[in-house]
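Open the model in a viewer and keep the sequence panel visible. The stops below go from the whole chain to single side chains.

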Amino acid sequence: MKRSIVLGVIAVALLVLYTTTMSSAFLPLIIIMVFALFSAIVYNEFIRWRCGNEEAKPFVRTVDELTAQYGEPEDVILLNAARANEALGVILAYKDFLVVEGRRIDKSDITGVTFNNSGTPYAPGEYQVIIATSGEGFIHVNTGYDATWTKDVVEEIKKAFTKRSD
């Protein structure tokens, strides 16, 4: 709320500045600035309302927390070396399920695994491993900017996916 008050004070100060100078040269600039400040205030309040008036806290689970919860995995598939100790950087493969981004996905729910380049013609994007599930839909996991690395990760996931003990 403090940011909204500051932005509101700035908007009022700009209006007062315009009325004291009475120069029409600054009118478009001041109208644009007031509109931008008003939009920022409304957007900020909307986000706060949508999040339930709580400040957003980063959600980072470590591999140690996941192994404490699910036990020792049979295999650890490295997605991103820079995030090797985080849930977003690895996939933990167990006998009957995978842990992807900290979520448990049963192997029987997985319908396919592939990869995609998330880049656009205007901005480079990371390659993503896409895991199709029957329950949760598609799960997109970033693996970096190397296509060969991503292809190898997909092969490791498929190998872990087919490794089911009967």
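Start with the surface: the protein exposes about 11,100 Å², and carbon and sulfur atoms supply 61% of it. The model is a predicted one. Of its 166 residues, 30% count as buried. Among contacts with a separation of 6 or more, 39% join residues 24 or more positions apart.

Next, switch to a cartoon. Four helices and seven strands are present, and along the sequence they follow the pattern α-α-α-β-β-β-β-β-β-β-α.

**The four-stranded sheet**

Select residues 75–78 and 103–106, which are strands S1 and S4, the edge strands, each pairing on one side only. The open sheet they belong to has the order S1-S2-S3-S4, with antiparallel pairing. From one strand to the next the twist averages 25°. Zoom in on S1 and S2: four bridges join these antiparallel strands, and Val76 has Leu92 in S2 as its bridge partner.

Now add residues 63–70. This is helix H3, which packs on the sheet and touches S2, S3 and S4. The direction of H3 makes about 20° with that of S2. Then add helix H4, residues 147–162. H4 lies across S1, S2 and S3 and runs at about 160° to S1.

**The hairpin**

Move to residues 127–133 and 137–144, strands S6 and S7, which run antiparallel and are joined by seven bridges. Three residues lie between S6 and S7 in this hairpin. To check the register, select Ala132, whose bridge partner in S7 is Phe138.

**The cores**

Which residues touch the most other members of the largest nonpolar core? Show Ile91, Leu98, Val100, Ile110, Val129, Ile131 and Ile157 as sticks; they are the ones, in a core of 18 residues. Strands S2 (90–93), S3 (97–100), S5 (110–117), S6 and S7, together with H4, each give two or more residues to this core. H4 supplies the largest share, five residues.

Centre the view on Leu98. Leaving aside residues up to four places away in sequence, Leu98 touches Ile91, Leu92, Ala93, Arg103, Arg104, Ile105, Lys107, Ile110 and Ile157. Apart from the largest core lies another, of eight residues, including Val63, Leu66, Val90 and Phe97.

**The salt bridges**

How many salt bridges does a search of the whole structure find? There are three, and each can be shown with a pair of side chains.

- Select Glu86 and Arg83: their side chains meet at 3.0 Å, N to O. Glu86 counts as partly exposed because its relative accessibility is 23%, and Arg83 likewise counts as partly exposed, at 33%.
- Select Glu101 and Arg103, whose side chains meet at 3.1 Å, N to O. Glu101 has a relative accessible area of 25% and is therefore partly exposed; Arg103 is partly exposed at 33%.
- Select Asp106 and Arg104, where the N to O distance is 3.4 Å. Asp106, at 28% relative accessibility, counts as partly exposed, as does Arg104 at 42%.

To finish, keep Arg103 and Arg104 on screen and bring back Leu98, which touches both of them. Arg103 also meets Glu101 in a salt bridge, and Arg104 meets Asp106 in a salt bridge.

Definitions and conventions:
Residues are numbered from 1 along each chain as its sequence is written. This is a predicted model: local features need pLDDT of at least 70, side-chain atom pairs count only at pLDDT 80 or more; totals for chains, interfaces and linings use all residues. Side-chain values use heavy atoms; hydrogens and water are left out. Two strands pair if DSSP finds at least two bridges between them. A nonpolar core is a set of buried Ala, Val, Leu, Ile, Met, Phe, Trp, Tyr and Cys residues joined through side-chain atoms within 4.5 Å. Buried means under 20% relative accessible area, exposed over 50%, partly exposed in between (1.4 Å probe, protein chains only). Contact means heavy atoms within 4.5 Å. Axes are lines fitted to C-alpha atoms, for helices over the stretch in contact, and angles run from 0 to 180 degrees between N-to-C directions. Accessible areas come from the Shrake-Rupley method with a 1.4 Å probe; for residues, only the protein chains shown count as cover. A salt bridge is a side-chain nitrogen of Lys or Arg within 4 Å of a carboxyl oxygen of Asp or Glu.
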